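Colleague: Got a minute to go through this model with me? I'd like to poke at a few spots.

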Amino acid sequence: MVETNLGPIQVRRSGAGKPALLWHSLFVDSSTFEGVVEDLSKERELILLDGPGHGGSPGLRRLYSLQDCAKAAAEVLDALDVSAPVDWVGNAWGGHVGIVFADSFPSRCRTLTTIGTPPYPLSKAERRRSALLVYLFRVLGPGPFSSMVVDALGGKGSAKTEPAAAAAITESFRRGDKMGKYWSMQSVMLHRPDLRPVLPRLQVPALMLASRNDALLDMAEADRAARTIPHGRFIQVAGGGHVAPLLVAPAEVTRHILAFWSETGSGDAAP
């Protein structure tokens, strides 16, 4: 456990080599990276975080920003005496934090990989619907919403077509601190800013991966956004939701990430 501005953050390390930091999606935790850990850890020392309110990290009882999350990541690296720039791998929420981290701490970020990360905020209609669900989560807890989260993160119908992936999402969603997770939903979903203006400022190589059948991601807009990053690219991979690629196509995800790392200098400083 590492003390940060967002409270205690649970961290685990795997592998050896230059550092890579992995931050998961909202609703789940770092266990969703298990399918890529073995291969990625052959090339990097992986630093896997549980975001506030998720996994073993209790979280706060107040609103916080993506900038606060990026600062917490920097504090984790300081606590671990990691001074070298990291290869950031972020899934959905973790991708949002990675964009802000790369912008706020450019000398500490070698490359940026996002998976299932919409760079735009919720629409007004989406925010209204989500606000009601977040309120009900606070009252009822995760139980009634597990199937909805599975459909959103794994793809509609994935409980039948990908039962192992659906089970992993359900178990991860039900873990963690309920109130900490509630405040995470308020902070980084309902109050998520538009990150598209940030993208042209990024000076690190960026790889944006997205599920081919993610109904909650505007593929054309995600592609356009990636093209505004000076060293950015956008690739579609297998899956039907924000988290699905990590669970149903880990080998494909790993292949793209390792190729990206190799093409960007195999650990040399980013241009």
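Colleague: What does Thr113 touch, leaving out residues up to four places away in sequence?

Modeller: Thr113 touches Trp88, Val89 and Gly90, and also Leu207, Leu209, Ile257 and Phe260. Keep in mind that this is a predicted model.

Colleague: Where does Thr113 lie?

Modeller: In strand 6, which covers residues 109–115.

Colleague: Is Thr113 buried or exposed?

Modeller: Buried, because its relative accessible area is 0% and the cut-off for buried is under 20%.

Colleague: OK, over to Trp88. What is Trp88 in contact with, beyond its neighbours within four places?

Modeller: Thr113 is on that list, along with Thr111, Leu112 and Cys109. Trp88 is also in contact with Leu21, Trp23, Ala73, Gly94, Val97, Gly98 and Phe101.

Colleague: Which residues touch the most other members of the largest nonpolar core?

Modeller: Trp88 is one of them, together with Trp23, Trp93 and Phe101. That core has 66 residues. Helix 2, residues 66–79, gives the most to it, with 8 residues.

Colleague: What other core lies apart from it?

Modeller: One of 18 residues, including Leu209, Leu246, Ile257 and Phe260. Thr113 touches Leu209, Ile257 and Phe260 from that list, and Thr113 also touches Trp88, which belongs to the largest core.

Colleague: Nice. And the general background on that?

Modeller: In soluble globular proteins, nonpolar side chains tend to be buried together.

Colleague: Changing topic, backbone angles. What is phi of Ala92?

Modeller: Near 55°, so a positive value in a residue other than glycine. Most residues other than glycine have a negative phi.

Colleague: Where does Ala92 lie?

Modeller: In the loop between strand 5 (86–91) and helix 3 (93–104). Ala92 counts as buried, at 4% relative accessibility.

Colleague: What about phi of Phe27?

Modeller: Positive too, near 85°. Phe27 is in the loop between strand 3 and helix 1, and with a relative accessible area of 16% Phe27 is buried.

Colleague: Where is Ser30?

Modeller: Ser30 is also in the loop between strand 3 (18–23) and helix 1 (34–40). Its relative accessible area is 5%, so Ser30 is buried.

Colleague: What does Ser30 touch, not counting residues up to four places away?

Modeller: Arg12, His24, Leu48, Leu49 and Asp50.

Colleague: Back to Ala92 for a second. Which residues does Thr117 touch, with the usual four places left out?

Modeller: Ala92 is among them, and the others are Gly90, Asn91, Gly95, His96 and Leu217. Thr117 is in the loop between strand 6 and helix 4, and it is buried with a relative accessible area of 5%.

Colleague: How far is Thr117 from Val204?

Modeller: Their C-alpha atoms are separated by 17 Å, and the two residues are 87 residues apart along the chain.

Colleague: And what is Ala102 in contact with, outside its neighbours within four places?

Modeller: Val204 shows up there, with Cys109 and Leu202. Ala102 is in helix 3 and counts as buried at 3% relative accessibility. The C-alpha atoms of Ala102 and Pro230 are separated by 13 Å, with those positions 128 residues apart along the chain.

Colleague: Let's try helix 4. Is Ser130 buried or exposed?

Modeller: Ser130 counts as buried, at 15% relative accessibility. Its place is in helix 4, residues 124–140. Leaving aside neighbours within four places, Ser130 is in contact with Leu122, Met189 and Leu190.

Colleague: How far is Ser130 from Met185?

Modeller: 9.2 Å between C-alpha atoms, for residues 55 apart along the chain.

Colleague: Zooming out, how many helices and strands does the chain have?

Modeller: 11 helices and 8 strands.

Colleague: How does the radius of gyration fit, and what does the C-alpha trace span?

Modeller: A compact globule of 271 residues would have a radius of gyration near 18 Å, and the chain has 17 Å, which agrees. Along its principal axes the C-alpha trace spans about 50 × 35 × 35 Å.

Colleague: What share of the residues is buried?

Modeller: 55% of the 271 residues. Among contacts between residues at least 6 apart in sequence, 81% join residues at least 24 apart.

Colleague: Last one, the surface. How much does the chain expose?

Modeller: About 10,900 Å², with carbon and sulfur atoms supplying 54% of it. As for charges, the mean positions of the 29 positive and 27 negative ones are 6 Å apart.

How values were computed: Residues are numbered from 1 along each chain as its sequence is written. This is a predicted model: local features need pLDDT of at least 70, side-chain atom pairs count only at pLDDT 80 or more; totals for chains, interfaces and linings use all residues. Side-chain values use heavy atoms; hydrogens and water are left out. Helices (H or I, at least four residues) and strands (E, at least two) are DSSP runs, numbered from the N terminus. The radius of gyration is taken over C-alpha atoms; the globule rule is 2.2 Å times the number of residues to the power 0.38. Buried means under 20% relative accessible area, exposed over 50%, partly exposed in between (1.4 Å probe, protein chains only). Contact means heavy atoms within 4.5 Å. Accessible areas come from the Shrake-Rupley method with a 1.4 Å probe; for residues, only the protein chains shown count as cover. Lys and Arg count as positive and Asp and Glu as negative; His and the chain ends are not counted. The place of a charge is taken as NZ of Lys, CZ of Arg, CG of Asp or CD of Glu. A nonpolar core is a set of buried Ala, Val, Leu, Ile, Met, Phe, Trp, Tyr and Cys residues joined through side-chain atoms within 4.5 Å.
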